[in-house]
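Please open the structure in a viewer and keep the selection tool at hand. The stops below are given in a suggested order.

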Amino acid sequence: MNDTVKTLEEIVRGGVLPDEPMSGHTTLRIGGPVSAFITPESEEELCSCLRYLKDAGVRYTVLGRGSNMLFADEPMDLYVVA
């Protein structure tokens, strides 16, 4: 487990799933693993998480309900906040 995931686990109580396949989070049911799938429980956790990811300079995206999203089947160096 890398330092970014460890720090996110301290920030987000909702959950941080490292190496999570995106196929389980999109309506099209495709997509390989991302660095971490993050589910903040509150607005405060969301803001802290996004601030940390931005300051750390890592690639991230915010996912709504996963409708009409395509993720590659290969592993991606990407953090997904849902």
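The crossing of helix 1 and helix 2 is right-handed. Before proceeding, note that the model is a predicted one.

**First stop: the helix pair.** Select residues 3-11 for helix 1 and residues 43-56 for helix 2. The axes of these two helices come within 10 Å, and the crossing angle is roughly 160°. Because angles over 145 degrees count as roughly antiparallel, helix 1 and helix 2 are described as roughly antiparallel to each other. Now display the side chains at the contact: helix 1 contributes D3, T4, T7, L8 and I11, while helix 2 contributes E45, S48, C49, Y52 and L53. Sorted by class, this contact of helix 1 with helix 2 contains five nonpolar, three polar and two charged residues.

**Second stop: Y52.** Which residues does Y52 touch, leaving aside those up to four places away in sequence? Select Y52, which is placed in helix 2, and add D3, T4, T7, L8 and I11, the residues that Y52 touches under that condition. These residues are also the ones that helix 1 brings to its contact with helix 2. A distance label between the C-alpha atoms of Y52 and T7 should read 8.7 Å, although the two residues are 45 apart along the chain. With a relative accessible area of 22%, Y52 is partly exposed.

**Third stop: the salt bridge.** How many salt bridges does a search of the whole structure find? The search finds one. Select R13 and E45, whose side chains meet in this salt bridge with an N to O distance of 2.9 Å. R13 sits in the loop between helix 1 and strand 1 (16-21), whereas E45 belongs to helix 2, so the pair ties together parts that are 32 residues apart in sequence. Are the two partners buried or exposed? R13 counts as exposed at 65% relative accessibility, whereas E45, at 5%, counts as buried. E45 has already appeared at the first stop, among the contact residues of helix 2.

**Fourth stop: two positive phi angles.** Move to D19, which is found in strand 1. D19 is not a glycine, yet its phi is positive, at about 55°. Its relative accessibility of 57% makes D19 exposed. Finish at N68, in the loop that runs between strand 3 (60-62) and strand 4 (76-81). N68 is likewise not a glycine and has a positive phi, of about 60°. The relative accessible area of N68 is 66%, and this residue is exposed.

Note on methods. Residues numbered from 1 in each chain as written. Predicted model: local features only at pLDDT ≥ 70, side-chain atom pairs only at ≥ 80, totals over all residues. Heavy atoms only, no water. Axes fitted to C-alpha atoms, helices over the stretch in contact; angles between N-to-C directions. Helix = DSSP H or I, 4+ residues; strand = E, 2+ residues; numbered from the N terminus. Parallel < 35°, antiparallel > 145°, perpendicular 65-115°, else oblique. Left-handed = near helix turned anticlockwise from the far one by under 90°. Contact = heavy atoms within 4.5 Å. Nonpolar A, V, L, I, M, F, W, Y, C, P; charged D, E, K, R; others polar. Salt bridge = Lys/Arg side-chain N within 4 Å of Asp/Glu carboxyl O. Buried < 20%, exposed > 50% of the residue type's maximum accessible area, 1.4 Å probe, protein only.
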